[in-house]
Amino acid sequence: MRMEHAAVYVRDLEGARAFFEAYFAGRAGARYHNPRTGFSSYFLSFEGGARLELMTRPGLGAAGEGPSVGYAHLAFSLGGRQAVDELTGRLAAAGWRTVSGPRVTGDGYYESCVAGPEGILVELTA
């Protein structure tokens, strides 16, 4: 058994797609749109087979502030500390907020965390 994909609701579907394509080499499939409900989505594929579904629909509620039960973050393994440092810097230079790191965590990971589109937390690991 394997997990097939994770899914995230966003208001700006095209902006979120462009973020994951530009910074994480995501490859988006065709946009799906249901004209009856207004639901639209993209499936993005990443190196190694991971997939992310970005979704939107009319009437989305506001995102919660701070930690809550449920989704916490998406994590991408970049292969080394230098790659974490470089991508964290590139994202910061483009205006994305660095939430933490780069640093060695208490459990030994080298990581940073960046708030992406609409506050989606993206963890970058070595």
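Here is a chat about a predicted model, taking its sheet, its helices and its salt bridges in turn.

Reader: Let's start with the open sheet of 4 strands: what order do the strands come in?
Author: Good place to start, since the strand numbers don't simply run in sequence order here. The pairing in this open sheet is mixed, and its 4 strands have the order 6-9-8-7.

Reader: And which strands are the edge strands?
Author: Look for strands that pair on one side only. That description fits two strands, covering residues 74–77 and 97–104, so to name the edges by that rule: strand 6 and strand 7.

Reader: In what sense do strand 7 and strand 8 pair, parallel or antiparallel, and over how many bridges?
Author: One spot to look at is Val104, which stands opposite Tyr110 in strand 8. As for the pairing of strand 7 and strand 8, the sense is antiparallel, and the count of bridges is 5.

Reader: What about strand 6 and strand 9, parallel or antiparallel?
Author: Find Phe76 and look across to strand 9, where its bridge partner is Leu124. Strand 6 and strand 9 pair over 4 bridges, and the sense is parallel.

Reader: Which side chains of strand 6 point to one face and are buried?
Author: In a regular strand the side chains alternate between the two faces of the sheet. Strand 6 shows that alternation: Ala75 and Ser77 point to one face and are not buried. Pointing to the other face, and buried, are Leu74 and Phe76.

Reader: Which strands does helix 2 lie across, and at about what angle does it run to strand 8?
Author: Helix 2 is made of residues 81–93. You'll find it lying across strand 7, strand 8 and strand 9, and its angle to strand 8 is about 15 degrees.

Reader: How far does helix 2 reach from its first C-alpha to its last?
Author: Helix 2 has 13 residues, and at 1.5 Å a residue you'd expect a span of 18 Å. The model comes out close to that, with a reach of 18 Å.

Reader: Why do the buried residues of helix 2 sit on the same side, and what arc do they cover?
Author: The residues in question are Val84, Leu87, Thr88 and Leu91, which are buried. Their directions around the axis cover only a limited arc, which puts them on the same side of helix 2. What covers them includes helix 1, strand 7, strand 8 and strand 9. The arc itself is 105 degrees.

Reader: Which exposed residues does helix 2 carry on the face turned away from its buried side?
Author: Go round to the face turned away from the buried side. The exposed residues there are Gln82 and Ala93.

Reader: Which residue just after helix 2 takes a positive phi?
Author: Step just past the end of helix 2 and check the backbone angles. A phi of about 100 degrees turns up there, and the residue is Gly95.

Reader: Is Glu111 buried or exposed?
Author: Glu111 lies in strand 8, which spans residues 110–115. Among its contacts further off in the sequence are Val84, Gly101 and Leu124. Its relative accessible area is 10%, and the cut-off is under 20%, so the word for Glu111 is buried.

Reader: Which residue meets Glu111 in a salt bridge?
Author: The N to O distance of this pair is 3.9 Å. The cut-off is 4 Å, so the pair counts as a salt bridge. The partner is partly exposed, with a relative accessible area of 37%. Its name is Arg103.

Reader: How many residues apart in sequence are Glu4 and Arg51?
Author: These two form a salt bridge, with their closest N and O atoms 2.9 Å apart. Glu4 lies in the segment before strand 1 and Arg51 in strand 5, so the pair ties together parts whose separation in sequence is 47 residues.

Reader: Which residues are joined into one network by salt bridges that share partners?
Author: The structure holds 5 salt bridges. One of them is between Glu14 and Arg31, at 2.6 Å from N to O. Glu14 is in helix 1, while Arg31 is in the loop between strand 2 and strand 3. Through shared partners, the network joins Glu14, Arg17, Glu21 and Arg31.

Key
Residues are numbered from 1 along each chain as its sequence is written. This is a predicted model: local features need pLDDT of at least 70, side-chain atom pairs count only at pLDDT 80 or more; totals for chains, interfaces and linings use all residues. Side-chain values use heavy atoms; hydrogens and water are left out. Buried means under 20% relative accessible area, exposed over 50%, partly exposed in between (1.4 Å probe, protein chains only). Contact means heavy atoms within 4.5 Å. Axes are lines fitted to C-alpha atoms, for helices over the stretch in contact, and angles run from 0 to 180 degrees between N-to-C directions. A salt bridge is a side-chain nitrogen of Lys or Arg within 4 Å of a carboxyl oxygen of Asp or Glu. The expected span of a helix is 1.5 Å times one less than its number of residues. The arc is that of the directions from the helix axis to the C-beta atoms. Lists of a residue's contacts leave out its neighbours within four places in sequence.
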